[in-house]
Amino acid sequence: MSSPVEIPFKNVILLDRLSGTPVYLQIARQMINAIQRGVLVTGVQLPGTRSLADTLDVHRKTVVAAYHELDAQGWIEMLPNKGTFVTKKSPVVRGNALPASVSDLKQYPRETGFSFEESMLLDRPVSLSKADLEFTDGLPDVRLAPMDKLAKAYSSVLRRNNNRKYLSYSHVEGNLWFRDKLAMYLNNTRGLHIAADNIITTRGIQMGIYLASNLLLKKGDNVVVGNLSYYVANMIFQQAGANILSVPVDDQGISVEAVRTLCEQKKIRMLYITPHHHYPTTVTLSAERRMELLNLSVKYGFIILEDDHDYDFHYNSSPVLPLASADGAGMVVYVGSFCKALAPGLRSGYIVAPQNLIRELGKFRRIIDRQGDLMMEQALAELLDEGEIQRHIKKAQKVYHQRRDLLGELLSNGFSEYLSFKSPPGGLAVWTEWRKDINLMRVSKECLRQNLHLPQTLLFQTGQLSAMRLGFGNMDMGELGEAMHILKSVVEKNG
């Protein structure tokens, strides 16, 4: 058995007097750490409280409190007239030598001690920057979000006597009143014919796609997407084991003829579309093609996963109604959110589908996210009921309309020799196709040096295509003008 004096406790236990953690707990936790790593082996006798207090330069009562904590947790045993020992019942590692330094003792493992499959498929890190100006993927301006209205509604819910029901378990599909108000909102704005039972809430569109894919897809299933398509959705489909089949996209949206040809050749399980507006090219799927796709889905039995991420903002005319509004056969799973209408950090989305699918989706949702944020959903329901969200979208639409027009004017006047584009009828991004001799990656890096962030996720440069998706919603008119000035100076230098 080791003698207490052989263990350099002053090196094993380092105290931070400025820490908010009580000193006795620091001592106890570091001794537990030493026991777990085998530095203090089972059965070793610990110093007396006075001796350890002198060593650590603390009051004896502090060590007494630390020992009582260790004893209460079962790490040591205090035997009358014998001393204090590391309990022999502790499942600790034996025989490890004392680390060369305390930093080694505190270091968390850099890698796991077991193997697992690392996914290159999902390896798409978030592109963050400290630059003051940034073109996004089509995100809204969070400065326009009605935070005062939301804060007032949320605070009101918190203060009510019945607020405890929002802090308990409830419907896995989400807050019932929110789903009821959301159903009315979607019926009025998107021409749907649904009730609360046709909705399950999510933490955004990506979660909706994930839930639907994990329930509806099996390994080897064929999923049809546009070329190009939303990279996150593609990753989710492939993670589910599906095969991705791409079809062309033109000015009218996804090619119906190409979809029909695939259906004649293979069994298609799902068609994924972003009809309003197609990601990333921003084109709108024509009304004629929407009806043709619905007919094809009934004929060949494939699911239409309709991602309507960009429906709320339209400038030239009323938006074309979603496929879900004309679905009489139950073939469409409709996914949407308030992340663009309000703010991307406010993770509030939904899936609309027939009731039997909603019930089954609830089983899947239960194992990853027991239910929605009932309190936030209650606040959103009240904003919907009072018309606040509708008024906000109407006001924001005017702002984004002006920003789209300004970006179009700046592109037409200053970039005509470098790119071509069509002003989108809605949404928060413009698709630009560039001369192939311009290195967009180099342009992005040079812009960053001048305080303008152009994330790599916005760049589409291959042997056949050289394009950039410019999201304008997050910048006001002055910022947008400054960003385009920087972009033009960089392109002129590199073009």
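In the predicted model, Glu111 has a relative accessibility of 70% and therefore counts as exposed. Glu111 is placed in the loop between helix 5 (102-106) and strand 4. Its C-alpha atom is separated by 47 Å from that of Ser156, a residue 45 positions away along the chain. A wider sequence interval is given by Gln30 and Gln464, which are 434 residues apart along the chain and have C-alpha atoms separated by 60 Å. Gln30 belongs to helix 2 (residues 23-36). With a relative accessible area of 13%, Gln30 falls under the 20% limit and is therefore buried.

The overall dimensions were computed for the protein as a whole. The C-alpha trace spans about 90 × 60 × 50 Å along its principal axes. The radius of gyration is 30 Å, whereas a compact globule of 495 residues would have a value near 23 Å. The secondary structure consists of 16 helices and 17 strands. Among contacts with a separation of 6 or more, 73% are made by residues 24 or more positions apart. Buried residues amount to 51% of the 495 residues. The accessible surface is about 24,800 Å², and carbon and sulfur atoms contribute 50% of this area.

In soluble globular proteins, nonpolar side chains tend to be buried together. In this model, the largest nonpolar core contains 80 residues. The members of this core that touch the most other members are Phe135, Leu293, Phe338, Trp434 and Leu487. For Phe338, with neighbours within four places in sequence left aside, the contacts are Phe178, Leu182, Tyr185, Ala343, Ser348, Tyr350, Leu384 and Ile389. A second core, separate from the largest one, comprises 29 residues, including Ile209, Val232, Tyr279 and Ile303.

Nonpolar side chains also occur at the surface. Tyr210, Ile367 and Ile368 form a nonpolar surface patch of about 330 Å². Within this patch, Ile367 is part of helix 12, which covers residues 355-368. Ile367 has a relative accessibility of 68%; because this value is over the 50% limit, the residue counts as exposed.

The model contains 19 salt bridges. Asp141, Arg143, Arg403 and Glu479 are joined in a salt-bridge network. Asp141 pairs with Arg143, with the closest N and O atoms 2.8 Å apart. Asp141 also pairs with Arg403, and here the closest N and O atoms are 3.1 Å apart. The pairing of Arg403 with Asp141 links distant parts of the chain, the two residues being 262 residues apart. Arg403 is in helix 14 (residues 388-414), while Asp141 is in the loop between strand 4 (133-134) and helix 6 (147-159).

Both partners of this bridge are buried. The relative accessible area of Asp141 is 4%, so this residue is classed as buried. The corresponding value for Arg403 is 5%, again under 20%, so Arg403 is also classed as buried. The surroundings of Arg403 were examined with neighbours within four places in sequence left aside. Its contacts are then Asp141, Leu144, Phe472, Gly473, Asn474, Met475, Asp476, Met477 and Leu480. Asp141, the salt-bridge partner of Arg403, thus appears in this list of contacts.

A further salt bridge is formed by Lys340 and Asp310, with the closest N and O atoms 3.6 Å apart. Lys340 lies in the loop between strand 11 (332-337) and strand 12 (349-352), and Asp310 lies in the loop between strand 10 (303-307) and strand 11, so the bridge ties together parts that are 30 residues apart in sequence. Lys340 counts as buried because its relative accessibility of 14% is under 20%. Asp310, with a relative accessible area of 3%, is likewise buried.

Note on methods. Residues numbered from 1 in each chain as written. Heavy atoms only, no water. Patch = residues over 30% accessible without salt bridge, like charges linked within 9 Å, V, L, I, M, F, W, Y side chains within 5 Å. Areas by Shrake-Rupley, 256 points an atom, 1.4 Å probe, with all protein chains shown as cover. Salt bridge = Lys/Arg side-chain N within 4 Å of Asp/Glu carboxyl O. Helix = DSSP H or I, 4+ residues; strand = E, 2+ residues; numbered from the N terminus. Buried < 20%, exposed > 50% of the residue type's maximum accessible area, 1.4 Å probe, protein only. Rg over C-alpha atoms; globule rule 2.2 N^0.38 Å. Contact = heavy atoms within 4.5 Å. Core = buried A, V, L, I, M, F, W, Y, C linked by side-chain atoms within 4.5 Å.
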